[in-house]
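Visitor: I am new to this structure and would like a close look at one part of it, taken slowly. Please begin with a single place in the chain, and then show me what else there is to look at around it and beyond it.

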Amino acid sequence: MPDSAARLGFMLNGQMVEVGSAPIARLSAVLRDELGLTGTKVGCDAGDCGACTVLLDGEPVCSCLIAVGQVRGRTVTSIEGLPDASPSAASLQAAFLKHGAAQCGICTPGMLSAAAALLDRQAAPSEARVMDAIGGVLCRCTGYRKIVDAILDVGGGPSCAVDASPLAGRAVGARIERLDGRRKVDGSEIFGADAVPGDALSVRAIRSPHHRARFHFGDIDGFVRRHPGIARVFTADDIPGDNCFGVIGPFADQPVFAVGEARFRGEAVALVAGDAAVLAALDPADFPVTWEELPPLIEMDDALAETAPRLHDGRPGNILTRGRVARGDLDVGFAAAAVVVEGLFETGFVEHAYIEPEAGFARRVGDRIEIQACTQAPYMDRDDIARILGLPALAVRIIPTAVGGGFGSKLDLSIQPFIALAAWHLGRPARMVYSRTESIMTTTKRHPARMRVRIGADQDGRLTAMDFAGDFNTGAYASWGPTVANRVPVHASGPYFIPAYRATTRAVHTNLVPAGAFRGFGVPQAAIAQEQLFDELADRLGIDRLDFRLRNVLTVGVPTVTGQVFDAGVGIRACLEALRPRRDAARAEVRAFNAAQTGSLRRGIGFAGMWYGCGNTSLPNPSTMRVGLRADGRIILHQGAVDIGQGSNTVIPQICADALGAPLDLFDFVSGDTDLTPDCGKTSASRQTFVSGKAAYLAGQALRRAILREANAGEDATLTFADGGVTVEERGHRRALPLKELTPDARGYVLAAEATFDPPTSPLDENGQGEPYAVFGYGAHLAEIEVDLALGTVKVLKLTAAHDVGRAINPTLLEGQIEGGAAQGLGLALMEEFFPGRGENLHDYLIPTVGDMPPVTSILIEDAAPIGPFGAKGIGEQALIPTAPAILNAIYDATGARIRRAPATPDRVRAAIRALEIREVKTRDDTHA
Amino acid sequence: MQPFALEQGRDIADTIRRGRMPGTDYIAGGTDLVQLLKDDVRRPRRLVDLEGLDLDQITVTPQGLRLGAMTRMSEVADHPAVIRDYPVISQALLASAAPQIRNLGTIGGNLLQRTRCTYFRDTASPCNKRSPGTGCAAIEGVHRTHAIFGGSRQCIATHASDLAVALVALDAVVHLSGPNGARDVRLTELHLMPNDHPDIETVLHPGELILAVSVPAGAWTRRSSYLKVRDRASFEFALTSAAVALDIQDGKIRAARVAAGGVGTKPWRLPAVEQALVGAPATTATWQRGGRLATAGAMPLRDNRFKVRLLRATVTRALEQVGGEA
């Protein structure tokens, strides 16, 4: 029998390897930690996500579920060895790049491994086989269809358009592969957990097991003495600066470590630093803390009760903040209505479920601290860490890694304070990787919403009034609760003209995990209510549902509910009209299908419109880009916008290249690093293409002007970047700029430019009137679905998504955002709901698998925003918002049952259908009586 | 995760000798056990690996099907004779987990997988199954996915296996070997009801090992199917499921085998449905009657009441799919 101490051999990527890890160590951990092959990603560590898929004797398996002792003598292939081991791998990698099948890239090695195993066995698999083969690898970014298409392409299926190295001035609009794509498909991309100094300590947080509890520490020194390998325990007393952080300065309220009382399950109270193995084996029950459970406030009504204890001083009624937009006279509006509809709509907590858990390391460099971690907001991280450590902001350096999905939650601090504190005090690098449980338990969620909405329209189908009151469960700390409370009233009207309007919101504290930013900041919840009620209004008035919306859409010159008037770039009408051909065809197909049905299947169609303001709401929101020309003719773009998979590493260079007039392949990049790149703000609010893209556009133009000045040439001169130099041509005269004779600056640039863009907005008054955003994106989705009336199951058959993107900088990447957003919208509609304290893993918390996602047809509308770079607007959040209401409207269309509580799980759909059946029977009986 | 040792026996006898030692767990594919170890739900001092015991044969004879306990789920699911003669088994396997799990998970391990009850898997919660005597958090807590059959005041956790539902329907027999020798147990009798001891889940003695599972041949096995209703399209456990096998001749049902998943504290055979079907005509009315009888004796709670109607619809639909409409 094998001896635990013996070295253990297996074939890895064509070579025999021997490892010293214990036989019980998981294969995923041995590959990553002992063998340094970090292309194998760990998303859940429980076999629920498939990111760690490797081939074992040629078959895809989850390497996190295998003890390395079980692979003794067998053959393992990881992403690093896949191209040599699998005849399909290289074509698959190329196809993934071409189709845009890799976004953040965290699931890509697993996807490629699963796909290669299939294609090596079956050269031309059916779509069903492909979907089965990748059915166990979760992807949160792409919506899967581009992955399926890429695999089918290698199997002889249809290819797709791709533009290789566009010429100067032709980058915008080109379907180029993502510039950082290669390292995502070969496994070399560095994510938060991937590059760690060898001497790093690990840290582990001690967290409250209760929603609310008083706690007392015991003998911490004794605990440290009794546990060799534990270096130190940190509590609130060890924080040199403020034990407080938060994404919105005036509302910052979250402690790094709770003091005296923990306000939500999972809140950290202490941190243990030490050797990784010792920490992994540590039973948290051994830690000297005693808990006194207190009655928690779980429901918003409990928290709002007059007698409820307050979570925070200065927030009476446990109301964090309120939002309000009011315009016109509601009484007059409702009096003018021929029909008024109303309803109470509810949604639950939704988890971001990015496949990469929060991870990174920190190290102290003299009197500075450096943090390399996954994040959406490096500059905000810098400022908060400086506050916590009591350092000037410039003493903190944030180096963002590639981000394996963010969707809003990686805007907030997670691991950063812990690793920074340990590294600062111990003088050794400190690392932390959240477990999946920790990630789901403690990081922000989409706000549960409870919305009472009333809308009226006149006989002609014109909206007369809308009254919206929404409560949003914001959990224990502020996070982005104020943003949700402020964004929702501005957006709850949808992209429609409503003469009398009132929308009020409250963000309510409870003893639950903080709710924060999640793709759409509350707007997806509001759209679920508004767009369903619009269908009811149209039906009551006997007006076609699409025509009803078209009668009310915003257009150029028509004021929004905040009184803002745009003179260009209002593309909602075009989006809705773009759905009409498919809507008409689908409606006929559905009618024919349902007429032929004798069983319990019914089909339906539904659609919904959407608008979404790009950037911060009435707040400064600048991005700064720097671009430099080197003596050798290379152009360096300091691009600090964090790419979390959406594609800013590609789209922003495309914009800058065309603004400058240089071919894209002359560019090199300095990516986000607070020491090296100017502040590009945060990756949120659908602002990077619009705001950072505009800064890149301005910087590109400024560099062009600098070159022209250097050449003493006018604005109309032509620049040619080639052969390591720049040629200026003006009125028939050509001359090369002598780059090598120019004096380089400190960064090595002979010419450089920096530009800042801050979108113009105006403050909102007490009625929410003003100009909250410089640009809105618009869109509309059409869902075709099938409901099994007996089982309550819903299958989405097809989605058609029209989006006004202003200008499509990179259509492939835009489609990727649309499909991925639609997948998250589908999850919101049909399956996703997190119950704090229950199911903190990726098996009980369900996100869509490949089998849940239908084909998506994207229609790109280009109604340019004059202020955007080349007219471009944002897409990130826009893509998610209309999907859920479109699906819920389609369920009604198919069944006659209205789902007012998302998600529409089989039991809720069945219950709604059942209620309808009972009502019908009663009506029939009453009629007979 | 607690440190532990991983051992391998020389042969079955040596494996059992090691396996009977206190604090020892067997590990087969590990797809469930590794999660339980990681979450400190199981804390064995050592593991005995069953790999290499030559228990991975699939044997098809006129008398029936024999599946070695270490056969991988994917091998059985893709086996041509299983697909042809025992489709309900192949379908139940393909409805389980994901390819990466089915390539590791074994037949024996699948039958012995532990419940997905979130309280069982969360060591911070009380759970009589994990820590006897601490109480059942699910009865008062979130129990939408829990059992409507076979629950007790101590436990309402469902048995999670799809395969077991198919095998229970087909009268499978489990071949065991243990410190006291070999014995065969009917699969319907392998799992125990929770009653007052939800921590004791099977009749297996310490160290006893599943060697193989046999499914007797029957006129009904070819006409069989597995239907699973769940919250997403794949990679998810059942809200409800039904395994159905019918022998229909001249429009009359001669034999019926029906079992349900996602609803019972163990794989749940539905004898009342079977009795009502035998001798009845293969008609829609019969399938509906079968569905109605499927929930006799159900004891739903607040959040899982929907499973009563859903199970009726699931069984009706599965019968319809297998039996056809007359």
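**From one loop outward**

Guide: In this predicted model, Ala685(A) counts as buried because its relative accessible area is 3%, which falls under the 20% cut-off. The residue sits in a loop of chain A that runs between strand β24 (667-671) and helix α20 (688-710). Its backbone also deserves a second look, since phi of Ala685(A) is near 55 degrees, a positive value in a residue other than glycine.

From that loop we can turn to the domains of chain A, which the assignment gives as domain 1 (623-757) and domain 2 (778-929). Their C-alpha centres lie 41 Å apart, and the contact between the two takes 18 residues from domain 1 of chain A and 15 residues from domain 2 of chain A. Together these two domains bury about 1200 Å², with 67% of that area on carbon and sulfur atoms. Within the share that domain 1 of chain A buries against domain 2 of chain A, Gln646(A), Ser686(A) and Phe690(A) supply 37%, more than any other three residues.

What kinds of polar pairing are found across this boundary? Between domain 1 of chain A and domain 2 of chain A there are zero salt bridges, whereas six residue pairs are in polar contact, both residues of each pair being at pLDDT 80 or more. On the side of domain 1 of chain A that touches domain 2 of chain A, α19 (648-660) and α20 of chain A each supply at least two residues. Of the elements on that side, α19(A) gives the most, with six residues. Sorted by class, the residues of this side of domain 1 of chain A are seven nonpolar, nine polar and two charged.

Two further places in chain A are worth finding by eye. The peptide bond that leads from Ala902(A) to Pro903(A) is cis, its omega being near 0 degrees, and Pro903(A) belongs to the loop between α22 (883-895) and α23 (906-928) of chain A. The other place is Arg32(A), a residue of helix α1 (residues 27-34) of chain A. Although arginine is classed as charged, Arg32(A) counts as buried because its relative accessibility is 10%, again under the 20% cut-off. The side chain of Arg32(A) reaches the backbone oxygen of Ala193(A) at 3.0 Å. Once neighbours within four places in sequence are left aside, Arg32(A) has contacts that include Leu37(A), Thr38(A), Thr40(A), Lys41(A) and Val42(A), and also Ala193(A) and Asp194(A).

Moving out from chain A, we come to the chain that touches it. Between them, chain B and chain A bury about 4400 Å², of which 56% is on carbon and sulfur atoms, and the contact brings 50 residues of chain B against 57 residues of chain A. Six salt bridges are counted between the two chains, and one of them joins the side chains of Arg265(A) and Asp122(B) at 3.5 Å, N to O. Across the interface of chain B and chain A there are also 16 residue pairs in polar contact, with both residues at pLDDT 80 or more.

Which elements of chain B give two or more residues to the side that touches chain A? They are β1 (5-8), α2 (33-38), α6 (99-102) and α13 (306-323) of chain B. The element that gives the most to this side is α13(B), with six residues. By class, the side of chain B that touches chain A holds 22 nonpolar, twelve polar and 16 charged residues.

Chain B has its own division, into domain 1 (1-49) and domain 2 (224-323), and the centres of these two domains of chain B, taken over C-alpha atoms, are separated by 36 Å. There is also a backbone feature to set beside the one with which we began: phi of Asn195(B) is near 40 degrees, a positive value in a residue other than glycine. Asn195(B) lies in the loop between α10 (187-190) and β8 (209-216) of chain B. Whereas Ala685(A) is buried, Asn195(B) counts as partly exposed, because its relative accessibility of 49% falls between the 20% and 50% cut-offs.

Technical notes. Residues are numbered from 1 along each chain as its sequence is written. Chains are lettered from A and ligands numbered from 1 in the order in which they are written. This is a predicted model: local features need pLDDT of at least 70, side-chain atom pairs count only at pLDDT 80 or more; totals for chains, interfaces and linings use all residues. Side-chain values use heavy atoms; hydrogens and water are left out. Contact means heavy atoms within 4.5 Å. Buried area is the accessible area (1.4 Å probe) that two parts lose on being put together, summed over both. A salt bridge is a side-chain nitrogen of Lys or Arg within 4 Å of a carboxyl oxygen of Asp or Glu. A polar contact is a pair of N or O atoms within 3.5 Å; within protein, one must be able to donate a hydrogen and the other to accept it, and residues adjacent in sequence count only if both atoms are side-chain atoms. Helices (H or I, at least four residues) and strands (E, at least two) are DSSP runs, numbered from the N terminus. Domain bounds come from an automatic or database domain assignment. Buried means under 20% relative accessible area, exposed over 50%, partly exposed in between (1.4 Å probe, protein chains only).
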